[in-house]
Amino acid sequence: MGRHSLPDDPAQRGTGSRPGARRRTVLLASGLLLAVAGGSVVALRGDLLPFGKPCDGPSVRLGVAASPDIAPALQAVARRAREDATRTDGRCLDVTVTPRASHELADSFGQRPADPEFQVWIPDSRLWVDRVGAENGTPLTAAATLASSPVTLAAVPRAARALGWPGKTYDWTGLTQAATSGGGIRLGLADPARSATGLLALSRTDATRAQDGRKGDDTRTAATATLLHQRVADGDDQAMATLPRDGSGAEQDNPRRNQALLLSEQAAYAHNTGADGGPDLDLFYPSDGAAQLDYPYTLVDAEELTPEQTRAASRFMTLLVETEGQHTLRAHGFRAANGAAVPKVVEAAGGRAPQPYAAAPADPPSVKQLQALLGTWTVAAQAAPSPR
């Protein structure tokens, strides 16, 4: 599968570490988790909490690369830490958060050496960490899940009403078929080879067919992939750019504009609450469970971090999982790590009852399923007409 491959062996997941480094990597991850569990007790004993003293002199610097959707929330927490003179090792914590597309860094980390600019990576899904591990690339240690966001189908109001929103519910297969079977609705998605949202949506459609006893109907999965490929975008931002820019008939009827997208609840929240984002989106939540983006807090080559960098990484993670950090993530449209629905976030994103927005998240796909789907997608890309 080349650079889009995923691990066959679950034992390889989550780390590409060297065999001799495995024990210390586990200890480092355990240390981070214990730091979170210890919370304020650890912070007070280590002179980590602010006491009104301004930051002067040397700081402990930490470089964080993050998926562009969660980066603004992380930057807000990092900025507050500087303003509050939050300390680690008696020095001020100085965190720089750089937005980077998850698939781009997965490509980079799939090869060695790692970019020394970043000590922490927060992609939008653990599947990217798994991929790097499968390629025996830069050793990665996923220490905690910071947030989550379900993958949904979003539609502009006219298309949503045509699909029966909010009263009509669908499973994944039915929803995808309804949105691609004519009726003037144009459904787009981000390239599953570059987008966790696109790949997870495709995996849920395939899983529903399997649950309904249609597992052997691979041709239908391939046909769906071929159809979706006709309106594929290179990435998540590019997919969002295909939505109508306003509510005018010219924009709504423009064949280059999509009226529906497969995207995360958080992306719909950002669209609906942003300025000049075009018509608000309405969300369909599949009745058989939504896949989740899960935002793992990941150490990059933990063996090469200095003790000061490891403690700084632990301190920043503590800020993110404690109450104030979680409030910041909610304010940017994210759910907690357990996937529990936040009614205000759901409503702002375009969800309404009786859509099953509070349903338990679907089980994550296996690595073999993802491998197979990427293969199907590659074949579909070769068979499909050029994207319109």
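Arginine 204 and aspartate 288 meet through their side chains in a salt bridge, with an N to O distance of 3.8 Å. Arginine 204 belongs to helix H8 (residues 196-211), while aspartate 288 sits in the loop between strand E10 (282-284) and strand E11 (292-293), so this pair ties together parts that are 84 residues apart in sequence. Arginine 204 is buried, its relative accessible area being 5%. The model in which this pair is found is a predicted one.

The setting of this contact is a chain with 16 helices and 12 strands. Of its 388 residues, 52% are buried. Among contacts with a separation of 6 or more, 83% join residues 24 or more positions apart. The accessible surface of the chain amounts to about 16400 Å², and carbon and sulfur atoms contribute 52% of that area.

The discussion now turns to charged side chains. Side chains of opposite charge can pair when their charged atoms come close. Across the whole structure, 11 salt bridges are found. One of them joins the side chains of arginine 82 and aspartate 94, at 3.5 Å from N to O. Since arginine 82 lies in helix H3 (residues 71-83) and aspartate 94 in strand E3 (residues 91-99), the pair ties together parts that are 12 residues apart in sequence. The partners differ in their exposure: arginine 82 is partly exposed, with a relative accessible area of 38%, whereas aspartate 94 is buried, with a value of 15%. Both residues also take part, together with Arg61, in a network of salt bridges.

A further salt bridge connects arginine 131 with aspartate 107, and here the closest N and O atoms are 2.3 Å apart. Helix H5 (residues 126-134) supplies arginine 131 and helix H4 (residues 102-109) supplies aspartate 107, so the pair ties together parts that are 24 residues apart in sequence. Arginine 131 has a relative accessibility of 2% and therefore counts as buried. Aspartate 107, at 23% relative accessibility, counts as partly exposed; the cut-off for a buried residue is under 20%.

Aromatic side chains provide another set of links. A pair of aromatic rings is described by the distance of the centres and the angle of the planes. The whole structure contains 4 aromatic pairs. In one of these, the rings of phenylalanine 109 and tryptophan 121 have centres 5.1 Å apart and planes at 65°, so the pair is edge-to-face; the cut-off for that class is an angle over 60 degrees. Phenylalanine 109 lies in helix H4 and tryptophan 121 in strand E4 (residues 120-122), so parts that are 12 residues apart in sequence are tied together. Phenylalanine 109 and tryptophan 121 are both buried.

Tyrosine 285 and tyrosine 357 form another edge-to-face pair, with 6.1 Å from centre to centre and 65° between the planes. This pair links distant parts of the chain, 72 residues apart: tyrosine 285 is in the loop between E10 and E11, and tyrosine 357 is in the loop between helix H15 (343-349) and helix H16 (367-383). Tyrosine 285, at 3% relative accessibility, counts as buried, whereas tyrosine 357 is partly exposed, with a relative accessible area of 23%. The loop between E10 and E11 thus returns the reader to the opening salt bridge, as aspartate 288 lies there as well.

Technical notes. Residues numbered from 1 in each chain as written. Predicted model: local features only at pLDDT ≥ 70, side-chain atom pairs only at ≥ 80, totals over all residues. Heavy atoms only, no water. Helix = DSSP H or I, 4+ residues; strand = E, 2+ residues; numbered from the N terminus. Buried < 20%, exposed > 50% of the residue type's maximum accessible area, 1.4 Å probe, protein only. Contact = heavy atoms within 4.5 Å. Areas by Shrake-Rupley, 256 points an atom, 1.4 Å probe, with all protein chains shown as cover. Salt bridge = Lys/Arg side-chain N within 4 Å of Asp/Glu carboxyl O. Phe/Tyr/Trp six-rings, centres within 6.5 Å; stacked < 30°, edge-to-face > 60°.
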